[in-house]
Structure formats: structure tokens, C-alpha cells
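Reader: Please take one part of this model and go through it closely. I would like the second largest pocket, its lining and the helices around it, set against the protein as a whole.

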Amino acid sequence: MLAHLANGALYVVPLLVIITVLVTIHELGHFLTARAFGIAVDRFSVGFGRALLSFKDKWGVEWRLAWLPLGGYVKFAGDENAASVPDQEDLSDLRKAIIAREGPGAERRYFHFKPLWQRALVVAAGPFANFALAIVLFAILFAGFGEWMTTGPIAKIVPGSAAEHAGLKIGDRIVAADNHTIRGYEDLRQYVFYRDGVPIRFTILRDGRTFDVVATPGQQQTPNFAGGSQTAGLLGVAGAPQRPTLVRYNPIEAVGMGAARTWDTVETTAFYVRRMITGAVGADQIHGIIGIAHASHDITVQAINDSPGDPGDQVLNVLANMLNLAALLSVTVGLLNLLPIPILDGGHLLFYAYESVVRRPLSASIQAAGYRVGLALLVGLMLFANGNDLHLQKVFHFFGALFS
């Protein structure tokens, strides 16, 4: 029984910690930007539901720790409209109510009466806080743990592979892929992984001169982080057997590497989403909270198994792997929130773009309809993603077998 509880905790606890940190930082981005513009804030909550702990600071902001640790939220003063972007009639009523309650000029402290560019920056600050967090987490990994890198010329080419068809030879060095610098075989595998069937222009160093060749990676099946397997690109080259070199970075270099890794993650994620939309990649590769929980569990278990009998190394391995997962998910949260879907930050920015053109907010009825559609899309996507995860975990197969 205790073993089952401990195993369950490995699924739940790391996931709750990661989600709470990511969403809290996201909301902190909104909060800090709002405070910089003098916007009145009623509450900043870590978690949802009833408060476990709370206090008010000197600006009247209630800081709350709630009982359900699944993120958090920031509530601006006067933010009662579900769309958070009231129409002209709502704004007029809100202004009158504020002036009657607090006096003339008080409305200038409220979010909805700030200039459009300030409101847009407050909304965009959430996703960009996630990108900034990813940079920090990657930088901590690069500075504290370093990076293993395997370099050297090509020592093996798989017969019949994409590399052979492209004319690569033993002794060649791959120095770039589509103008992305390739420092070692780890970079090469990462770039090729998501590009099966996609032509890649490789820059090759051979006999002291560089030239370009185009290779289209083949396909291979690899384990999926959420369980099951997925299709990945295969170039078909390998270096000479050697131990990877641990590359360490000073703090300034680590921040630069963190920014580069974050941008690469943004590019790769956007590229992979485009492939899903066009049908080049199956929609079964969309994963939800169940898949993330499975990934965090496997990462934790693997990190512990990699250092048997050494608690110190186990803790460091778990920490490093969780930091990497949190950084990747932080980028995902930032990108997801920038989608132009009502109820997400990108939907707010879409409404602000309309307001900037016509010089007035979109009507409340249209906003409300948009938010209902956006909520339906988001819930549908979550159900579909978690349905994929349940299928990978063979949950449907298990219940089907019970009644067969």
C-alpha cells in the first residue's frame, strides 16, 4: 500500500509543483506590469478556491494562498466582466460607479481606463514572463550542470539512409542545419528528430572547404514522453565511439545559452504545430495533463535509478530533469496563451487590435459569444489531449477487456 502511495506521489507532486510555479510566474508577469503602470489590483492568488492564508499589503492587494494548487490568478480592481474587455456602455457605467464611490479621477487607476498600449503590455506580460522563466531555468542548468557534447567527424553512415542518398561521406563534419549551428551530435539529433520527411539543408565541412547538401531524414519509432511511441527523423550518421565532453558555462554564457535554447524551443514547437495542422504529423501527438504527469513520473524515476545508492546524486539528477521539463513546459504555456483564442491572452490582444482600429471596444455580446466559443475550443482540446494520453496508457483497452 505504501509503495502504491509513493508511486502515486511521484506522478502528482512534481506535476503540481511545476504547474503552480509556471502559472504563478505567468500571473506575476501580469501583476508586476500592471503595478508598474499604477493599475489597482484587488488580489493575487497562488492556487484556487478557499484561502488557506491571506494578507493585504500597503497598496490594498490581497495576497492569498488557496487550497487547490493548480496555478493561480490576478484580479484587477473593477474586473467583473467575464471578457475583461467591456464595451462602451459597460465602460460608461463602470466609470460612473467608480467616481460615485471614490471621487473624480479615481477611474484612472483602473485597468479598463488605461491607454490601450498599457493594457496590451499587461496582457502580453504573462506569456513573456513564461519565456523569461524558461531562459532562467535553462541558464541555471547550463551554469550549474553544464552540457554533455559529442563532437567529431562522421565515422559511420548507415547504408541506404538519408545521409548516404545525400552524398555524405565518412570524415565529413556537419556544421549547420538550415543555418542553425550544429555543435555536436546532440544538436544534430535534436534538429533532425522533428523533421522526418522534411528536406534539410546541411552545411558540410570536407577537406577544409564547406558546401551545402540537402537530405530528407527517414523515419524511426522512438518512445514518447507520454507513453507509447512516436515517429522521429533519422539521418543515419554516427561519430566515432567516444565519451561525451562536459561543457561548462559561466553565468553570462549560461544566460545567452538559455535564451538560445528558449528560442529554439519556440521555433521547434511552432514548426511541429504547423506539421500537425497540415496533417504531416498525427494529432495523436497532442498530450494533456495526464501525459505530462506520466513524463514527470518517468523522469523522476529515471533520475533516481541513474544514481543508485547515492541520495545526493539522486536529488541533483531529479532537480536537473525537473528544471528542464519545467523550462520546456514554460515555453509551451507562453505559446499556448498567445494563441488568438478568446479566453486566452492572445484573444485579449485580438480584441485590443480591433479596438485600436475602430477606436472603441468590441460589443459585449460579441465578446461574450467569443469567450464561450473559446472556452469550448479549449475544453475540447483538453479532452482530446487527455483522451490520447488515456489511450497510450491503455486505459480504454483495460475497461474494454472488463466487459468483453
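Author: Of the 404 residues in this predicted model, 41% count as buried. The protein has 11 helices and 12 strands. Among contacts with a separation of 6 or more, 64% join residues 24 or more positions apart.

The second largest pocket holds about 190 Å³ of space. Three elements each give two or more residues to its lining: helix H1 (2–36), helix H3 (116–144) and helix H8 (311–337). H1 gives the most, with five residues. The lining as a whole consists of Pro 14, Val 17, Ile 18, Val 21, Leu 22, Leu 133, Leu 137, Leu 319, Met 322, Leu 323 and Ala 326. By class, these lining residues divide into 11 nonpolar, no polar and no charged.

The lining positions within a helix can be read against helix geometry. An α-helix has 3.6 residues a turn, so residues three or four places apart point the same way. In the lining, Pro 14, Val 17, Ile 18, Val 21 and Leu 22 fall within the range of H1. Leu 133 and Leu 137 fall within that of H3, and Leu 319, Met 322, Leu 323 and Ala 326 within that of H8.

H8 itself has 27 residues. From its first C-alpha to its last, H8 reaches 38 Å, close to the 39 Å expected at 1.5 Å a residue. The buried residues of H8 are Ala 320, Met 322, Leu 323, Leu 325, Ala 326, Ala 327, Leu 329, Ser 330, Val 331, Gly 334 and Asn 337. Met 322, Leu 323 and Ala 326 are thus named both among the buried residues of H8 and in the pocket lining. Leu 319 is in the lining but is not listed among the buried residues of H8.

Some sites outside the pocket lining complete the account. Glu 62 lies in strand S2 (residues 62–76). Glu 62 has a relative accessible area of 13%, and therefore counts as buried, the cut-off being under 20%. Its side chain makes a polar contact with the side chain of Arg 64, at 3.2 Å. Leaving aside residues up to four places away in sequence, Glu 62 touches Asp 42, Arg 43, Phe 44, Ser 54, Phe 55 and Lys 56.

Two loop residues have a positive phi of about 70° although neither is a glycine: Asn 179 and Arg 359. Asn 179 sits between strand S5 (173–177) and strand S6 (180–181), and is exposed at 60% relative accessible area. Arg 359 sits between helix H9 (345–358) and helix H10 (364–392), and is exposed at 70% relative accessibility.

Key: Residues numbered from 1 in each chain as written. Predicted model: local features only at pLDDT ≥ 70, side-chain atom pairs only at ≥ 80, totals over all residues. Heavy atoms only, no water. 1 Å grid on protein atoms, 1.4 Å probe; cavity = no way out; pocket = protein on both sides within 12 Å on 5 of 7 lines; lining within 4 Å. Points joined across faces, edges and corners; volume = space filled by probe spheres on them. Helix = DSSP H or I, 4+ residues; strand = E, 2+ residues; numbered from the N terminus. Nonpolar A, V, L, I, M, F, W, Y, C, P; charged D, E, K, R; others polar. Expected span 1.5 Å × (residues − 1). Buried < 20%, exposed > 50% of the residue type's maximum accessible area, 1.4 Å probe, protein only. Polar contact = N/O pair within 3.5 Å; in protein donor to acceptor, adjacent residues only side chain to side chain. Contact = heavy atoms within 4.5 Å.
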